[in-house]
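Hi everyone, and thanks for making the time. I'd like to walk you through a structure, so have a look at it first and then we'll take it piece by piece.

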Amino acid sequence: MNYWSYEGEADRIAVVGHTAFDHICKTPYLPPPDGSAPVVKRDLLFGGGAANIATGIAMLGQQATLVSAVGNDFAGSAYEKKMQNLGIFMESYHVQSEHTATAFIFTDDDGKQMTFFEWGASRAFAENKPSSFPFVHMATADPIYNVHVAHLASFSSFDPGQDVLLYTADHLKSLLSCIDILIANRHEYDTMCQTMTCTRQDIAEKVPLAIETLSGDGSILRIHGDEIHIPAISVERVDPSGAGDAYRAGFLSACIQGYDVVTCAQIGTVTASFVVSGIGCQTNQCDWMTMQERYETVFGTLPRPPRTL
């Protein structure tokens with residue numbers, strides 16, 4: 001069966017949301033309330049959902065614009081230089097009175113995670129109005145800002161990420177009324193269903209494509225009443241941080257080239273498999289050639305892109 005593919009004319013993917021510095025901590029177990037746990041390893045790395053996706057897209061050879069907010073610690077930093085080296089266009093809100101958003105991520109021996117996130121400069125989203133984009137993905141950011149982005153965009157993809165609890169039913173219903181793709185993990189789907197008092201099927205009926213990522217169980221595409229399961233790839237999992245963002249980067253990079261949504265999801269699965277093999281969200285991102293080699297080992301021959309950008 002042939003499923004839809006992107007037929008627009010955009011040659012660049014805009015990604016809206018957080019740029020952050022990540023403190024990734026390894027602990028034997030996650031403590032209960034009022035408890036504590038030892039930190040056996042800590043790394044300071046680059047992160048933020050939108051920035052992870054934008055760098056992933058750039059690594060895969062596509063043009064990316066990162067719409068984000070940064071603080072007084074970003075200019076001249078190694079993070080800014082990385083963005084520049086990758087050719088990412090930064091459409092940033094610079095907030096000199098704040099520092100760049102910061103995430104504190106704790107992962108236990110079973111791969112379970114707990115994240116604490118300080119918005120910092122990202123509070124600027126609530127005070128600004130977005131531009132109109134021909135192809136845009138909305139990652140974690142201010143809900144009202146993302147609603148405006150979605151209604152202005154020609155083609156849009158949305159994932160609520162860890163900010164899902166900030167979205168009201170009205171926010172979510174407004175977004176679902178105009179987006180083309182929804183991507184969220186099982187926990188975010190649970191929260192959206194509770195917020196809107198609905199089922200996953202209700203959500204799927206509101207958008208052309210609803211994707212649910214299932215960690216080691218792969219992902220499910222819900223489209224036109226059908227469910228398609230895309231299996232995960234078996235690799236050594238070192239750190240799950242950023243796997244979902246890598247999936248989105250792969251999916252969107254394939255989507256803008258005109259691949260059908262099943263191939264896009266398979267490519268997203270491959271890019272995610274690289275990121276979980278390293279510590280951090282951007283440490284082990286792959287380029288297109290490396291992705292294709294693993295893709296063809298798992299899924300078979302990858303055809304040439306339907307669109308040449």
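How much space lies in the second largest pocket? About 170 Å³. Before I go further, please keep in mind that this is a predicted model, so everything I mention is computed from that prediction.

Let's stay with that pocket for a moment. Among the residues lining the second largest pocket are Asp-11, Gly-61, Gln-257, Arg-304, Pro-305 and Leu-309. If you sort the lining by class, you get two nonpolar, five polar and three charged residues.

Next, the enclosed space. How many cavities of 30 Å³ or more does the count give? The count comes to one, and the volume of the largest cavity is about 70 Å³. Three helices each give two or more residues to the lining of the largest cavity: helix 1 (49-59), helix 7 (243-255) and helix 8 (261-275). Which of the elements gives the largest share of that lining? That is helix 7, with three residues. If you want to find the cavity on your screen, look for lining residues including Asn-52, Asp-245, Ala-249, Thr-271 and Cys-286. By class, the lining of the largest cavity has five nonpolar, five polar and one charged residues.

Now to the sheets. One open sheet has nine strands, in the order 5-4-1-8-9-10-11-12-13, and its pairing is mixed. Which strands stand at the edges? Strand 5 (89-95) and strand 13 (226-230) do, and each has a single partner strand, so one side of each is left without a neighbour in the sheet. On average, and ignoring direction, neighbouring strands of this nine-stranded sheet are turned by 15° against each other.

Let's zoom in on strand 1, residues 12-16. Strand 1 is mostly covered, with four of its five residues buried. Strand 1 pairs with strand 4 (residues 63-71) in the parallel sense, over five bridges, and here Ile-13 stands opposite Ala-64 in strand 4. Strand 1 also pairs in the parallel sense with strand 8 (residues 136-138), this time over three bridges. As an example to click on, Val-16 has Met-138 in strand 8 as its bridge partner.

Further along the sheet, strand 11 (residues 209-213) and strand 12 (residues 219-223) run antiparallel, joined by four bridges. Glu-212 has Ile-220 in strand 12 as its bridge partner. The loop between strand 11 and strand 12 holds Ser-215. Ser-215 has a positive phi of about 55°, although it is not a glycine. Here is the background for that: most residues other than glycine have a negative phi. Is Ser-215 buried or exposed? Ser-215 is exposed, with a relative accessible area of 54%.

There is another residue of this kind. Asp-34 has a positive phi, near 70°, and is also a residue other than glycine. You'll find Asp-34 in the loop between strand 2 (20-26) and strand 3 (41-47). Asp-34 is exposed, with a relative accessible area of 86%.

Strands 2 and 3 bring us to another open sheet, which has four strands in the order 3-2-6-7, again with mixed pairing. The edge strands here are strand 3 and strand 7 (113-118), and each pairs on one side only. Neighbouring strands of this four-stranded sheet are turned by 20° against each other on average, direction ignored. Strand 6 (residues 101-107) pairs with strand 7 in the antiparallel sense over six bridges, and Ile-105 has Thr-115 in strand 7 as its bridge partner.

Last topic: the cysteines. How many disulfides does a search of the whole structure find? Zero. Take Cys-178, which is in no disulfide: the nearest cysteine sulfur, that of Cys-255, is 16 Å away. Cys-178 is partly exposed, with a relative accessible area of 26%. And what about Cys-255? The closest cysteine sulfur to that of Cys-255 is in Cys-264, at 4.9 Å, which is too far for a bond, because a disulfide needs the two sulfur atoms within 2.5 Å. Cys-255 counts as buried, at 1% relative accessibility.

That's the tour, and I'm happy to take questions.

Methods:
Residues are numbered from 1 along each chain as its sequence is written. This is a predicted model: local features need pLDDT of at least 70, side-chain atom pairs count only at pLDDT 80 or more; totals for chains, interfaces and linings use all residues. Side-chain values use heavy atoms; hydrogens and water are left out. Buried means under 20% relative accessible area, exposed over 50%, partly exposed in between (1.4 Å probe, protein chains only). On a 1 Å grid over the protein atoms alone, a cavity is a set of points where a 1.4 Å probe fits but cannot get out, and a pocket is an open set with protein on both sides within 12 Å along at least five of seven lines; lining residues have an atom within 4 Å of a point. Grid points are joined across faces, edges and corners, and a volume is the space filled by probe spheres set on the points. Ala, Val, Leu, Ile, Met, Phe, Trp, Tyr, Cys and Pro count as nonpolar, Asp, Glu, Lys and Arg as charged, and the others, Gly among them, as polar. Two strands pair if DSSP finds at least two bridges between them. Axes are lines fitted to C-alpha atoms, for helices over the stretch in contact, and angles run from 0 to 180 degrees between N-to-C directions.
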